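Got your viewer open? Let's take a walk through this model, one selection at a time.

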Amino acid sequence: MEAAVSAQGPTSILQKIMYHLLGKRIVSNKVCMDYIIVSFCLASSSSLSSIALNYINFPTKVVFRSSKLLPTMAIAIFVHSKRFTKSEWYSAALVCAGLAMVGLADAQNFGAAFHPLGLILVSTSVMADAITPNIQQRLFVSGGESRPDVIYTTNFIASFFMTIALIYSGDFQGTIDIVLEDTTAAVYMLVYSCVAYIAVSFHMTVVQKFGGVVGVLVGNGRK
């Protein structure tokens, strides 16, 4: 299938876009769609969880995002036909409950904040977070994609989505103004970007070698 695709060259618009992003390497439409899904989920997860803070406090956000191991396991059943034992489900629930209690421990310092819109936004963010590692795993296993390609391409497309959203919301110019006026903030952003790349690289290595569910479990253990 891939050989046939490579022989005829990129045909669809999506294939042509990915052809240039992947260094003039041709991939199937299915792989292209997986790249788009991961990119969209990355952008949605980051954006929605941040927007949710306008309606809920940080501990509430932490409590909800601590539960993403369970939906990640549920999605793995459909995407990878994976099966989990009862003890694995119980263990995952205990991990999520433990992380939630850590978040609740700080709730008394912030006060209760359970605005319905905020809960919807953070819940959608959690679902996007649960989809991401499963599709990343499919890119590695079924698509045969490399870790650098997945990291670069998905984050590039996600950045494009988020830039469009920032321009639409009117926050893009404010971000540029902060960078131009405050060199310290610009340095912080640069340092954060470098550290984040290292963290993402390690995380993607875990997903590639052990699967999306283990990647999320390791991420939760870090917290």
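Start with the cysteines: this predicted model holds zero disulfides. Select Cys96 to begin. Is Cys96 buried or exposed? Its relative accessibility is 6%, so Cys96 counts as buried, the cut-off being under 20%. Now jump to Cys194, which is partly exposed, with a relative accessible area of 44%.

Next, color the largest nonpolar core, a set of 16 residues. To find your way in, pick Met18, Val27, Tyr35, Leu139 and Val150, the ones with the most contacts inside this core. Which elements give two or more residues to it? Show α2 (13-21), α3 (29-52), α8 (116-141), α9 (147-169) and α11 (183-210), and you have them. The largest share comes from α3, with four residues.

Zoom in on Val150 and show what surrounds it. Leaving out residues up to four places away in sequence, Val150 touches Tyr35, Leu139, Phe140, Glu145, Asn155 and Met204.

There's also a second, separate core to look for, made of eight residues. Among them are Ala76, Val213, Val216 and the Cys96 you selected earlier.

Ala76 leads us to the last stop, helix α5: select residues 69-80. This helix has 12 residues and reaches 16 Å from its first C-alpha to its last, close to the 16 Å expected at 1.5 Å a residue. Which residues of α5 are buried? Highlight Leu69, Pro71, Thr72, Met73, Ile75 and Ala76. Finally, step just past the end of α5 to Ser81, where phi turns positive, at about 55 degrees.

Key: Residues are numbered from 1 along each chain as its sequence is written. This is a predicted model: local features need pLDDT of at least 70, side-chain atom pairs count only at pLDDT 80 or more; totals for chains, interfaces and linings use all residues. Side-chain values use heavy atoms; hydrogens and water are left out. The expected span of a helix is 1.5 Å times one less than its number of residues. Buried means under 20% relative accessible area, exposed over 50%, partly exposed in between (1.4 Å probe, protein chains only). A disulfide is a pair of cysteine sulfur atoms within 2.5 Å. A nonpolar core is a set of buried Ala, Val, Leu, Ile, Met, Phe, Trp, Tyr and Cys residues joined through side-chain atoms within 4.5 Å. Contact means heavy atoms within 4.5 Å.
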